[in-house]
Every structure is written in C-alpha cells, then in structure tokens.
Amino acid sequence: MQVKKSEYLEKIRPTAKKLVKLLCEKYEYCSLLGSDSESVTYRVSSTGISIVPSDVHNKRGFVIRIFDKSGQAEYSFNMLSEELIPDIVKNVEKAVGLYEGENIGIPEDKPLVFDKSSQYEIDPKELGEEKIIEKLSGIRKSGLAKNEKLVDCVCGFGYRKYSDIFISRNRDLTQNVMWANAMVGAVAKDGENIRQGYKGFSVSGGAEVLNELDEGLNLAADTALELLTAEPITPGTYECICEPEVTGMIVHEAFGHGVEMDMFAKDRALAKNYIGKQVASPLVTMHDSPSAVNQTATYFFDDEGEEAHDTLVIEKGILKGGFCDAKSALWLDCRSTGNGRRESYERKAYTRMTNTYFLGGNDKVEDMIASVKYGFLLSNPSSGMEDPKNWGIQMMVSMAKEIKDGKLTGKVFAPIVMTGYVPDLLKSITMMSENSELCGTGMCGKGYKEWVKVSDGGPYIKAKISLG
C-alpha cells in the first residue's frame, strides 16, 4: 500500500503557491518546504510501558528559503493562511536584510513536478497501540522464560510517517514516506556479572517490521548469555571478520562523515585532498543513496527540493567524490547530490548521509572464516566517532568471537574498541561476502545535534584491525 498524502498540506498548497509567487517577484530564488510529520515510539521493559510522540519528528510547519543578490536567508513558521501572507513576507524581508552581502549564488531550479509515495504493508496507526504493546509484551515474556539468567528483556518499536511539499518558481514536489524500526534487548546476570545483547530491525515501511522480533529475541538473548563468559582482549592488530552491522559502522564513521562536502567547504575533511586517489582496497565500492535501496533514509527529494539519486563515493578503492547540500554546492562550484537534510522545518539544512553502504563481493562467509589463522569475528556494534580532519576512527563493538586455524573456538572477548587510520583499515580488506545488508535503527547527529535518520551496512568483510 502507498503512504497517504497529508490532507493539511494539500489544503494549504494553493496558499503556499501564492506566497512563493509573491516572493519570487522580489527575489531571484525562493522556495517553500512544508512538512507534516507524526512519529511515535513504544517501549516495554521492567520499568513499564511507554508510548511517546517524538519531540524531533512530530511536527508540522514551513520554511522559506531566499537566495538573492541582496543576500540569502531562511524563515520558518508553523502557521500559514491567506491573512498571514503579508506578515510572513515582511518577516522574510527582515531576515534577508540581516544577511546582506552574503550572496554566494543561486541554487539550480530546473523544472520538476512529481507526487510520489513509499510503500508499506501494515500501518502502525491502523494496527493500534493495543496490538503493538501486546506484541512487544509477548516478546518480552518469551525472553524472560528462555533462561533463568535473563533478568530483563526490553522491546521497542518506532515509526515516522511524513509528507513534504516543496514549491519554488519551477518546482512543485510532493512526497509521502514512512519508515519503522523495532528492537529487542536482553539483559543477562550471573552474580555481579551483567551483560546485554541487542538486535534491531528497520524498514522503509510500517509495522510489518514487528514480525522480525521473534528472530531478534533469540539473537539478543544468545549474545547476552555468551557475553557472561567474555574475557578482556589482549590489545593488538588482528585479522578480523566484520559482520554487516559492524561493516556499516565502519562505512558510516570512516567515509560517511568524511565525505560530507560541507566539511570540504570548511576545509575540515582530509578526504578533500584524495579525490581520484586510492583510499581503500580495490574490492571496495561505496554508495550513498536515498533512492537505490529501501531503508529508513529513503526519500524522493531532499529538504532543498533536489530529486533523490544515487551517489558513487568509492569505486574499486578510488575515491570518486563526496555528497553535498545546495549551499555547499554553491561554495564548491558543483551540483547538489540531494543530501541536504533538516532535523525539522525549524532547523538548518546540512549535508547528511542517507543509506550508506559497501557493495558485496564474491566470497563465502565460511571461506572467510576458514582463511583466518588467528583473529576474531566482530559483532554487535554499539557506538563510534570519527575525525574527518585526520581520518582517525574509534568504534565500540560488544563482542569478538575467537577464530583459530579457521574455526570459531566458542571463546568470546568484550568489550572491544576498534581504532585506526581510515585508509589503512580499508586498504587491508582482502575478502568481502556476496550480499550487502543495511540497518537503520539509529539516528545520526551533526556533531552533537541535528538528528536525522540514516541507515548503513555492507557485506561481511575481512580486514586487519587494531583492537583493544
């Protein structure tokens, strides 16, 4: 089924067009983004049941953007009517006046008109709160019954359904999109030893993702119980096999933030100096795309009215380029890649990742493990950070499973810190499994704020990685 349009935005569209037309008579470029979004998260744990609308994504409003010889500016507001148009125009004029002399050019505004919607199987709103909580509670009950050492089981579900309209002199765009994610976390305890396992699932779609939680419960519970036997690892550089979710964290931290081209404009990313050069193994090809895969960062146009399309970042180890928003494109004299994204209509647009991933290779996972003399299978990523200026990364994974003479020994180590210099790590990749897997259960901030939904992933990879 297709996500339905916002009745509110459709009703207000003629007024929005009138406003844009008036502003286009005064300024070289004017655009309006209107957004109507609802988002709810559900959680069941030992502390009880919670149903919470999202502070970030449960919003309705508009943002006007102006580019002109006299300056450029934005003005956001949450009420629009015929009667309010004169006041809005005055406020836009004041905003432009504050930025006089900062003209950097005019964004591309080639004619474009479309109305597109994403697909889903089960509408969370139609399913209803009662059935969602019933499903989460049932999974939690099953988790607690699996093993006496499992002392808690946390289950969650969240979704966002949103509609956007984008209107400029030459563009009239509509998109209606929904994504959803679900998770299960298991807590195991043996004396004073407490460990946690986690598994998340995400889709460009709806509440059908809840059907994944039975499998997720088994994976999370097994991880928590295995970690009860975990030992500290001896720091060193090892041959490692990374599961797809760990590969995704490497993709996100190593070359996601590093090729956001607003960092190029500010000279804060080392990648700027490596365009056309080898930065990874010839096995590595990387894409960022809101259009080529269906995940939580899939959309039809970005928050600046640029049509979504695929961006090739690395091709067979060679850095081909980055991705950017409209303003960065003007600074760098290039074209926007459709990666201008806002936390909400109240916030600025920045260059942001979407669905970012490595393509798969030709190797079998069993052959990859068999090729390791001594090393580890890394799983369950938890967090990471990067330094685009110097290309250093640091990431946390929950578990390293020991491999000796090509076989898993059953011995596990935790917690694990992965560190390194990005090109060294990526150039060390010697094997990649056939299929890429993406997951988008988390949010990505620009620094410490500006949260947007992203997904990342790839295949299993074999590489030399520093662990500690």
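**Entry 1: getting my bearings**

Before I place anything, I note how elements are named: helices (H or I, at least four residues) and strands (E, at least two) are DSSP runs, numbered from the N terminus. I also remind myself that this is a predicted model.

With that in hand, I looked up D123 and found it in the loop between β5 (112-117) and α3 (124-127). Is D123 buried or exposed? D123 has a relative accessible area of 8%, and since buried means under 20%, D123 counts as buried. I then looked for a polar partner of its side chain: a polar atom there lies 2.9 Å from the backbone nitrogen of K125.

**Entry 2: strand β15 and its neighbours**

Next I turned to strand β15, which covers residues 355-358. Which way do its side chains point? N355 and Y357 point one way, T356 and F358 point the other way, and all of them are buried.

I then checked what pairs with β15. Strand β10 (residues 286-288) pairs with it in the antiparallel sense, over 3 bridges. One residue match I wrote down here is H287, whose bridge partner in β15 is Y357. Strand β24 (residues 455-458) is also joined to β15 by 3 bridges, but these two run parallel. Here T356 has D456 of β24 as its bridge partner.

A reminder to myself: strands of a sheet pair through backbone hydrogen bonds, either parallel or antiparallel.

**Entry 3: the whole sheet**

How many strands does this open sheet have, and in what order? I count 6 strands, in the order β12-β11-β10-β15-β24-β21, and the pairing is mixed. The edge strands are β12 (318-319) and β21 (437-439), each of which pairs on one side only.

I followed the β21 edge inwards. β21 pairs with β24 in the antiparallel sense over 3 bridges, and C439 stands opposite D456 in β24. Helix α6 (residues 244-256) packs on this sheet, where it touches β10, β11 (311-315), β12, β15, β21 and β24. Its direction makes about 115° with that of β24.

D456 is worth a second look: its bridge partner in β15 is T356, and C439 stands opposite D456 as well.

**Entry 4: aromatic rings**

I moved on to rings, and the count comes to 13 aromatic pairs. In one of them, the ring centres of Y29 and F67 lie 5.9 Å apart with planes at 75°, so this pair is edge-to-face. Y29 is in strand β1 (residues 29-45) and F67 in strand β3 (residues 60-68), so to speak of "distant parts of the chain" fits: they are 38 residues apart. Are these two buried or exposed? Y29 is buried, at a relative accessible area of 5%, and F67 is buried too, at 0% relative accessibility.

Another pair is F376 with F413: their ring centres are 5.4 Å apart and their planes at 85°, so this is an edge-to-face pair as well. F376 lies in strand β16 (residues 374-387) and F413 in strand β18 (residues 407-413), so the pair ties together parts that are 37 residues apart in sequence. Both F376 and F413 are buried.

I also noted one aromatic cluster, formed by Y8, F62, Y75 and F77.

**Entry 5: lysines**

Then I looked at lysines over rings. K116 lies over the face of F114, 4.6 Å from the ring centre. K453 has its charged end over the ring of W179, at 4.5 Å from the centre.

K135 sits in helix α4 (residues 129-146). With a relative accessible area of 25%, K135 is partly exposed. What does K135 touch, leaving out residues up to four places away in sequence? It touches L210 and D214. I also checked K135 against Q196: they are 61 residues apart along the chain, and their C-alpha atoms are separated by 21 Å.

**Entry 6: N176**

My last stop was N176, in strand β7 (residues 171-190). N176 is buried, with a relative accessible area of 0%. Which side chains make polar contacts with its side chain? I found S117, at 3.0 Å, and S163, at 2.7 Å. Beyond residues up to four places away in sequence, N176 touches a list of others, including V3, D115, K116, Y162 and F300. K116 is familiar by now, as it lies over the face of F114.

Conventions
Residues are numbered from 1 along each chain as its sequence is written. This is a predicted model: local features need pLDDT of at least 70, side-chain atom pairs count only at pLDDT 80 or more; totals for chains, interfaces and linings use all residues. Side-chain values use heavy atoms; hydrogens and water are left out. Buried means under 20% relative accessible area, exposed over 50%, partly exposed in between (1.4 Å probe, protein chains only). Two strands pair if DSSP finds at least two bridges between them. Contact means heavy atoms within 4.5 Å. Axes are lines fitted to C-alpha atoms, for helices over the stretch in contact, and angles run from 0 to 180 degrees between N-to-C directions. A polar contact is a pair of N or O atoms within 3.5 Å; within protein, one must be able to donate a hydrogen and the other to accept it, and residues adjacent in sequence count only if both atoms are side-chain atoms. Rings of Phe, Tyr and Trp (its six-membered ring) pair if their centres lie within 6.5 Å; planes under 30 degrees apart count as stacked, over 60 as edge-to-face and the rest as tilted. A charge sits over a ring if NZ of Lys or CZ of Arg is within 6 Å of the ring centre and within 35 degrees of the ring normal.
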